[in-house]
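Visitor: Before we look, I would like each term to be set against its definition. Could you take me through the model in that way?

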Amino acid sequence: MGSNGTFLDNEEAPTYAPSVPVPNVQELVRKDPLQVPQRYVREVEDRPKDTDTSYLSSVIPVIDLSLLFMGNNEELTKLDRACLEWGFFQVVNHGVAKQVSQKMKDAAAEFFELSLEEKNKYAMPSDDIQGYGHAYVVSEDQILDWSDALILLVHPSHYRKLKFWPNSPKGLQEIIEEYSNAIRKVATELFQSFSLIMEMDKEALLGLHKQLVQAYRVNYYPPCSKPDQIKHNNEWVPVNPIPDALVVNVGDVFEIWSNGKYKSVEHRAVANYNKARISYASFLFPHDEVEIGPLSHMVDSKTKQQLFKKVRYGEYLRSSMNKKMEGKAHTQMAKIEG
(Lines give C-alpha, C1' and ligand atoms only; values in the text may rest on other atoms or scores of the structure.)
Protein backbone atom coordinates (compact mmCIF):
# COMPACT_ATOMS: atom_id res chain seq x y z
CA MET A 1 0.00 0.00 0.00
CA GLY A 2 1.20 3.50 -0.79
CA SER A 3 1.66 6.17 1.89
CA ASN A 4 -1.60 7.85 0.88
CA GLY A 5 -3.65 4.67 1.41
CA THR A 6 -3.80 3.65 -2.24
CA PHE A 7 -2.78 0.22 -3.53
CA LEU A 8 0.18 -0.12 -5.85
CA ASP A 9 0.00 -1.30 -9.47
CA ASN A 10 2.88 -3.73 -8.91
CA GLU A 11 1.11 -5.39 -5.99
CA GLU A 12 1.28 -9.18 -6.26
CA ALA A 13 -1.89 -11.05 -7.18
CA PRO A 14 -3.47 -12.63 -4.08
CA THR A 15 -3.97 -16.36 -3.70
CA TYR A 16 -7.09 -17.77 -2.14
CA ALA A 17 -8.25 -21.02 -0.60
CA PRO A 18 -6.54 -24.38 -1.21
CA SER A 19 -8.78 -27.10 -2.59
CA VAL A 20 -8.82 -30.92 -2.50
CA PRO A 21 -8.62 -32.49 -6.02
CA VAL A 22 -11.91 -34.05 -7.18
CA PRO A 23 -13.10 -35.76 -10.39
CA ASN A 24 -14.15 -33.76 -13.42
CA VAL A 25 -17.98 -33.76 -13.47
CA GLN A 26 -18.26 -33.37 -17.25
CA GLU A 27 -16.14 -36.53 -17.68
CA LEU A 28 -18.18 -38.44 -15.08
CA VAL A 29 -21.33 -37.81 -17.12
CA ARG A 30 -19.64 -38.61 -20.42
CA LYS A 31 -18.62 -42.04 -19.07
CA ASP A 32 -21.94 -42.80 -17.35
CA PRO A 33 -24.79 -40.34 -18.04
CA LEU A 34 -27.19 -42.02 -15.59
CA GLN A 35 -24.91 -42.19 -12.57
CA VAL A 36 -24.80 -39.41 -9.93
CA PRO A 37 -22.16 -40.28 -7.31
CA GLN A 38 -23.24 -39.99 -3.69
CA ARG A 39 -20.86 -37.07 -3.07
CA TYR A 40 -23.10 -34.91 -5.26
CA VAL A 41 -26.39 -35.82 -3.55
CA ARG A 42 -27.56 -33.36 -0.90
CA GLU A 43 -29.15 -34.40 2.38
CA VAL A 44 -32.95 -34.54 2.39
CA GLU A 45 -33.23 -31.61 4.83
CA ASP A 46 -31.07 -29.51 2.51
CA ARG A 47 -33.35 -30.00 -0.48
CA PRO A 48 -36.37 -27.86 -1.40
CA LYS A 49 -39.61 -28.80 0.35
CA ASP A 50 -42.67 -29.92 -1.58
CA THR A 51 -44.27 -26.53 -0.87
CA ASP A 52 -45.15 -24.80 -4.14
CA THR A 53 -43.36 -21.44 -4.18
CA SER A 54 -43.39 -21.01 -7.97
CA TYR A 55 -45.92 -18.18 -7.65
CA LEU A 56 -43.16 -16.09 -6.05
CA SER A 57 -41.10 -16.19 -9.27
CA SER A 58 -43.25 -13.43 -10.73
CA VAL A 59 -42.71 -11.10 -7.76
CA ILE A 60 -38.90 -11.25 -7.62
CA PRO A 61 -37.94 -7.56 -7.94
CA VAL A 62 -36.95 -6.13 -11.32
CA ILE A 63 -34.85 -2.96 -11.30
CA ASP A 64 -34.45 -0.62 -14.31
CA LEU A 65 -30.84 0.60 -14.23
CA SER A 66 -31.54 3.37 -16.75
CA LEU A 67 -34.04 4.90 -14.30
CA LEU A 68 -31.58 4.59 -11.42
CA PHE A 69 -28.92 6.29 -13.53
CA MET A 70 -31.30 9.22 -14.08
CA GLY A 71 -31.88 9.47 -10.32
CA ASN A 72 -35.49 8.28 -10.42
CA ASN A 73 -36.66 8.27 -6.78
CA GLU A 74 -39.37 5.67 -7.34
CA GLU A 75 -36.79 3.24 -8.74
CA LEU A 76 -34.46 3.97 -5.82
CA THR A 77 -37.29 3.07 -3.46
CA LYS A 78 -37.81 -0.18 -5.38
CA LEU A 79 -34.10 -0.95 -5.06
CA ASP A 80 -34.20 -0.27 -1.32
CA ARG A 81 -37.18 -2.61 -0.92
CA ALA A 82 -35.55 -5.29 -3.07
CA CYS A 83 -32.39 -5.26 -0.94
CA LEU A 84 -34.41 -5.16 2.28
CA GLU A 85 -36.98 -7.88 1.51
CA TRP A 86 -35.17 -10.11 -0.98
CA GLY A 87 -31.44 -9.38 -1.17
CA PHE A 88 -31.82 -10.40 -4.79
CA PHE A 89 -33.17 -8.80 -7.96
CA GLN A 90 -32.97 -8.73 -11.74
CA VAL A 91 -31.65 -5.72 -13.63
CA VAL A 92 -32.96 -4.59 -17.03
CA ASN A 93 -31.85 -1.74 -19.31
CA HIS A 94 -28.33 -2.19 -17.90
CA GLY A 95 -26.40 -1.17 -21.00
CA VAL A 96 -24.46 -4.41 -21.55
CA ALA A 97 -24.78 -4.96 -25.28
CA LYS A 98 -26.55 -8.18 -26.22
CA GLN A 99 -23.81 -9.10 -28.68
CA VAL A 100 -21.17 -8.72 -25.95
CA SER A 101 -23.03 -11.16 -23.70
CA GLN A 102 -23.71 -13.56 -26.55
CA LYS A 103 -20.08 -13.63 -27.68
CA MET A 104 -19.03 -14.46 -24.14
CA LYS A 105 -21.65 -17.23 -23.84
CA ASP A 106 -20.70 -18.76 -27.19
CA ALA A 107 -16.96 -18.70 -26.45
CA ALA A 108 -17.40 -20.11 -22.94
CA ALA A 109 -19.57 -22.93 -24.27
CA GLU A 110 -16.90 -23.69 -26.88
CA PHE A 111 -14.24 -23.84 -24.15
CA PHE A 112 -16.15 -26.53 -22.26
CA GLU A 113 -16.46 -28.57 -25.45
CA LEU A 114 -12.66 -28.84 -25.66
CA SER A 115 -11.01 -32.11 -24.66
CA LEU A 116 -10.25 -32.61 -20.98
CA GLU A 117 -6.56 -32.63 -21.88
CA GLU A 118 -6.87 -29.20 -23.49
CA LYS A 119 -8.93 -27.73 -20.61
CA ASN A 120 -6.48 -29.13 -18.07
CA LYS A 121 -3.75 -26.93 -19.53
CA TYR A 122 -5.43 -24.26 -17.38
CA ALA A 123 -6.05 -26.51 -14.37
CA MET A 124 -6.65 -24.85 -11.02
CA PRO A 125 -3.64 -25.33 -8.71
CA SER A 126 -4.15 -26.89 -5.29
CA ASP A 127 -3.42 -23.63 -3.47
CA ASP A 128 -5.66 -21.20 -5.37
CA ILE A 129 -9.02 -20.76 -7.09
CA GLN A 130 -7.90 -19.32 -10.43
CA GLY A 131 -8.08 -21.67 -13.39
CA TYR A 132 -10.23 -24.60 -14.54
CA GLY A 133 -11.54 -27.15 -12.07
CA HIS A 134 -13.56 -27.38 -8.87
CA ALA A 135 -13.01 -24.77 -6.14
CA TYR A 136 -13.77 -24.65 -2.39
CA VAL A 137 -13.38 -28.40 -1.76
CA VAL A 138 -12.04 -28.56 1.79
CA SER A 139 -12.62 -32.20 2.79
CA GLU A 140 -12.96 -35.68 1.32
CA ASP A 141 -16.52 -36.07 2.62
CA GLN A 142 -17.86 -32.68 1.50
CA ILE A 143 -21.03 -32.62 -0.63
CA LEU A 144 -19.90 -31.33 -4.02
CA ASP A 145 -21.52 -29.04 -6.58
CA TRP A 146 -22.59 -30.75 -9.81
CA SER A 147 -20.37 -28.53 -11.94
CA ASP A 148 -16.93 -27.69 -13.28
CA ALA A 149 -15.76 -24.08 -13.44
CA LEU A 150 -13.34 -21.62 -14.97
CA ILE A 151 -12.47 -18.87 -12.47
CA LEU A 152 -10.30 -15.84 -13.25
CA LEU A 153 -9.40 -12.59 -11.51
CA VAL A 154 -9.94 -9.91 -14.15
CA HIS A 155 -9.56 -6.60 -12.29
CA PRO A 156 -7.27 -4.91 -11.43
CA SER A 157 -5.30 -6.12 -14.45
CA HIS A 158 -2.10 -6.79 -12.44
CA TYR A 159 -4.00 -9.44 -10.47
CA ARG A 160 -4.45 -11.54 -13.59
CA LYS A 161 -2.60 -14.84 -13.79
CA LEU A 162 -2.54 -15.15 -17.56
CA LYS A 163 -1.35 -18.78 -17.53
CA PHE A 164 -4.92 -19.64 -16.52
CA TRP A 165 -6.53 -17.57 -19.30
CA PRO A 166 -7.42 -20.02 -22.12
CA ASN A 167 -5.92 -19.44 -25.58
CA SER A 168 -8.69 -21.55 -27.05
CA PRO A 169 -11.20 -20.88 -28.43
CA LYS A 170 -9.55 -18.04 -30.29
CA GLY A 171 -10.45 -14.63 -28.90
CA LEU A 172 -11.80 -15.90 -25.56
CA GLN A 173 -9.39 -13.73 -23.55
CA GLU A 174 -10.49 -10.56 -25.36
CA ILE A 175 -14.15 -11.53 -25.05
CA ILE A 176 -13.85 -12.05 -21.27
CA GLU A 177 -12.13 -8.66 -21.03
CA GLU A 178 -14.88 -6.88 -22.98
CA TYR A 179 -17.67 -8.56 -21.03
CA SER A 180 -16.03 -7.96 -17.64
CA ASN A 181 -15.49 -4.28 -18.40
CA ALA A 182 -19.20 -3.93 -19.24
CA ILE A 183 -20.26 -5.72 -16.05
CA ARG A 184 -17.93 -3.57 -13.93
CA LYS A 185 -19.57 -0.45 -15.35
CA VAL A 186 -22.99 -1.80 -14.31
CA ALA A 187 -21.65 -2.65 -10.85
CA THR A 188 -20.22 0.83 -10.42
CA GLU A 189 -23.59 2.38 -11.23
CA LEU A 190 -25.32 0.01 -8.81
CA PHE A 191 -22.83 0.90 -6.07
CA GLN A 192 -23.76 4.54 -6.58
CA SER A 193 -27.44 3.71 -6.06
CA PHE A 194 -26.64 1.49 -3.06
CA SER A 195 -24.80 4.46 -1.56
CA LEU A 196 -27.86 6.66 -2.03
CA ILE A 197 -30.30 4.24 -0.39
CA MET A 198 -27.84 4.02 2.52
CA GLU A 199 -28.02 7.82 2.77
CA MET A 200 -24.45 8.49 1.68
CA ASP A 201 -22.73 10.35 -1.13
CA LYS A 202 -23.12 8.27 -4.28
CA GLU A 203 -19.38 7.54 -4.54
CA ALA A 204 -19.12 6.43 -0.90
CA LEU A 205 -19.45 2.64 -1.27
CA LEU A 206 -17.03 2.48 -4.17
CA GLY A 207 -14.57 4.43 -2.06
CA LEU A 208 -14.96 2.01 0.83
CA HIS A 209 -13.72 -0.82 -1.42
CA LYS A 210 -10.37 1.05 -1.76
CA GLN A 211 -9.51 -1.17 -4.75
CA LEU A 212 -12.44 -2.81 -6.49
CA VAL A 213 -11.54 -6.43 -7.24
CA GLN A 214 -13.46 -8.38 -9.88
CA ALA A 215 -13.57 -12.12 -10.53
CA TYR A 216 -15.17 -13.92 -13.48
CA ARG A 217 -16.61 -17.42 -13.13
CA VAL A 218 -18.29 -19.63 -15.67
CA ASN A 219 -19.86 -22.90 -14.49
CA TYR A 220 -20.65 -25.98 -16.55
CA TYR A 221 -23.52 -28.12 -15.21
CA PRO A 222 -24.01 -31.52 -16.91
CA PRO A 223 -27.61 -32.77 -17.22
CA CYS A 224 -29.23 -33.40 -13.82
CA SER A 225 -32.45 -32.09 -12.22
CA LYS A 226 -34.20 -29.18 -10.44
CA PRO A 227 -34.51 -25.50 -11.46
CA ASP A 228 -32.68 -22.35 -10.34
CA GLN A 229 -33.67 -21.25 -6.87
CA ILE A 230 -33.08 -18.61 -4.25
CA LYS A 231 -34.15 -18.65 -0.62
CA HIS A 232 -36.88 -16.26 0.53
CA ASN A 233 -38.38 -16.47 4.04
CA ASN A 234 -36.62 -19.84 4.49
CA GLU A 235 -38.29 -21.32 1.40
CA TRP A 236 -36.62 -22.07 -1.94
CA VAL A 237 -38.03 -19.97 -4.77
CA PRO A 238 -37.51 -20.88 -8.46
CA VAL A 239 -36.06 -18.06 -10.53
CA ASN A 240 -37.21 -17.49 -14.09
CA PRO A 241 -34.60 -15.14 -15.60
CA ILE A 242 -35.88 -12.33 -17.79
CA PRO A 243 -34.20 -12.52 -21.24
CA ASP A 244 -31.01 -10.41 -21.30
CA ALA A 245 -31.48 -9.31 -17.67
CA LEU A 246 -28.65 -9.47 -15.13
CA VAL A 247 -29.36 -11.26 -11.86
CA VAL A 248 -27.89 -9.47 -8.83
CA ASN A 249 -27.29 -10.93 -5.38
CA VAL A 250 -26.62 -8.54 -2.49
CA GLY A 251 -23.30 -9.75 -1.08
CA ASP A 252 -22.02 -10.41 2.42
CA VAL A 253 -20.05 -7.15 2.56
CA PHE A 254 -23.15 -5.08 1.82
CA GLU A 255 -25.03 -6.95 4.55
CA ILE A 256 -22.25 -6.22 7.06
CA TRP A 257 -21.88 -2.56 6.05
CA SER A 258 -25.65 -2.10 6.41
CA ASN A 259 -25.59 -3.78 9.85
CA GLY A 260 -27.91 -6.50 8.60
CA LYS A 261 -30.54 -4.21 7.08
CA TYR A 262 -29.90 -5.64 3.61
CA LYS A 263 -29.54 -9.40 3.39
CA SER A 264 -27.07 -11.52 1.44
CA VAL A 265 -29.40 -14.24 0.20
CA GLU A 266 -28.66 -17.94 -0.17
CA HIS A 267 -28.88 -19.05 -3.77
CA ARG A 268 -28.10 -22.04 -5.94
CA ALA A 269 -27.62 -22.40 -9.67
CA VAL A 270 -28.41 -26.01 -10.49
CA ALA A 271 -28.60 -28.22 -13.53
CA ASN A 272 -31.14 -28.85 -16.25
CA TYR A 273 -32.71 -32.30 -16.37
CA ASN A 274 -32.28 -32.90 -20.11
CA LYS A 275 -29.23 -30.93 -21.21
CA ALA A 276 -26.03 -29.30 -20.02
CA ARG A 277 -26.29 -25.79 -18.69
CA ILE A 278 -23.73 -22.99 -18.34
CA SER A 279 -23.98 -20.07 -15.92
CA TYR A 280 -21.85 -16.93 -15.80
CA ALA A 281 -21.08 -14.93 -12.68
CA SER A 282 -19.08 -11.83 -11.83
CA PHE A 283 -17.99 -11.10 -8.27
CA LEU A 284 -17.02 -7.60 -7.16
CA PHE A 285 -15.47 -7.14 -3.73
CA PRO A 286 -13.07 -4.95 -1.70
CA HIS A 287 -9.30 -5.16 -1.44
CA ASP A 288 -7.98 -7.72 1.06
CA GLU A 289 -6.77 -5.03 3.47
CA VAL A 290 -10.10 -3.22 3.74
CA GLU A 291 -11.68 -3.40 7.20
CA ILE A 292 -15.39 -4.15 6.94
CA GLY A 293 -17.94 -3.59 9.69
CA PRO A 294 -21.28 -1.81 10.21
CA LEU A 295 -21.23 1.82 9.11
CA SER A 296 -21.92 4.03 12.11
CA HIS A 297 -25.04 5.66 10.64
CA MET A 298 -26.52 2.20 9.88
CA VAL A 299 -26.48 1.24 13.58
CA ASP A 300 -29.82 1.97 15.24
CA SER A 301 -29.46 5.26 17.12
CA LYS A 302 -31.76 4.07 19.93
CA THR A 303 -30.56 0.52 20.59
CA LYS A 304 -26.96 1.09 19.45
CA GLN A 305 -26.95 -2.60 18.57
CA GLN A 306 -24.07 -3.46 16.28
CA LEU A 307 -24.69 -6.89 14.74
CA PHE A 308 -21.24 -7.42 13.23
CA LYS A 309 -17.71 -6.87 14.45
CA LYS A 310 -15.04 -5.28 12.29
CA VAL A 311 -12.92 -7.72 10.32
CA ARG A 312 -10.28 -7.50 7.60
CA TYR A 313 -11.96 -8.52 4.35
CA GLY A 314 -9.13 -10.80 3.22
CA GLU A 315 -9.36 -12.77 6.47
CA TYR A 316 -13.15 -12.95 6.22
CA LEU A 317 -13.04 -14.18 2.62
CA ARG A 318 -10.45 -16.88 3.19
CA SER A 319 -12.10 -18.05 6.38
CA SER A 320 -15.37 -18.56 4.52
CA MET A 321 -13.57 -20.40 1.71
CA ASN A 322 -11.59 -22.64 4.04
CA LYS A 323 -14.56 -23.98 5.97
CA LYS A 324 -17.24 -26.35 4.86
CA MET A 325 -20.11 -23.94 5.21
CA GLU A 326 -23.62 -24.58 3.99
CA GLY A 327 -26.16 -21.87 3.26
CA LYS A 328 -25.51 -18.27 4.29
CA ALA A 329 -23.42 -19.14 7.34
CA HIS A 330 -20.54 -16.97 6.13
CA THR A 331 -21.71 -13.78 7.83
CA GLN A 332 -21.99 -15.67 11.14
CA MET A 333 -18.20 -15.39 11.39
CA ALA A 334 -18.49 -11.64 11.70
CA LYS A 335 -21.59 -11.67 13.97
CA ILE A 336 -21.33 -10.37 17.51
CA GLU A 337 -22.60 -13.05 19.86
CA GLY A 338 -24.74 -12.23 22.83
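Visitor: How do the residues of the lining of the second largest pocket divide into nonpolar, polar and charged?

Guide: The lining holds 9 nonpolar, 6 polar and 1 charged residues, where Ala, Val, Leu, Ile, Met, Phe, Trp, Tyr, Cys and Pro count as nonpolar, Asp, Glu, Lys and Arg as charged, and the others, Gly among them, as polar. This is a predicted model, in which local features need pLDDT of at least 70, side-chain atom pairs count only at pLDDT 80 or more, and totals for chains, interfaces and linings use all residues. Residues are numbered from 1 along each chain as its sequence is written, and side-chain values use heavy atoms, with hydrogens and water left out.

Visitor: What makes a space a pocket?

Guide: On a 1 Å grid over the protein atoms alone, a pocket is an open set of points with protein on both sides within 12 Å along at least five of seven lines, and lining residues have an atom within 4 Å of a point. The second largest pocket holds about 260 Å³ of space, a volume being the space filled by probe spheres set on the grid points, which are joined across faces, edges and corners. Of its 16 lining residues, the closest to the centre are Pro-21, Val-22, Met-124, Gly-133 and His-134.

Visitor: Why is one side of strand 1 and of strand 8 left without a neighbour in the sheet?

Guide: Strands are DSSP runs (E, at least two residues), numbered from the N terminus, and two of them pair if DSSP finds at least two bridges between them. The open sheet has the order 1-2-8 with mixed pairing; strand 1 (62-64) and strand 8 each have a single partner strand, so one side of each lacks a neighbour in the sheet.

Visitor: What makes the pairing in the sheet of order 1-2-8 mixed?

Guide: Strand 1 and strand 2 pair in the parallel sense over 3 bridges, with Val-91 in strand 2 as the bridge partner of Ile-63. Strand 2 (residues 88-92) and strand 8 run antiparallel and are joined by 4 bridges, and Phe-88 stands opposite Asn-249 in strand 8. Both counts meet the minimum of two bridges, and the two senses together make the pairing mixed.

Visitor: Which side chains of strand 8 are called buried?

Guide: Buried means under 20% relative accessible area with a 1.4 Å probe, protein chains only. Along strand 8 (residues 246-249), Leu-246 and Val-248 point to one face and are buried, whereas Val-247 and Asn-249 point to the other and are not. In the protein chain, buried residues make up 48% of the 338 residues.

Methods: Buried means under 20% relative accessible area, exposed over 50%, partly exposed in between (1.4 Å probe, protein chains only). On a 1 Å grid over the protein atoms alone, a cavity is a set of points where a 1.4 Å probe fits but cannot get out, and a pocket is an open set with protein on both sides within 12 Å along at least five of seven lines; lining residues have an atom within 4 Å of a point.
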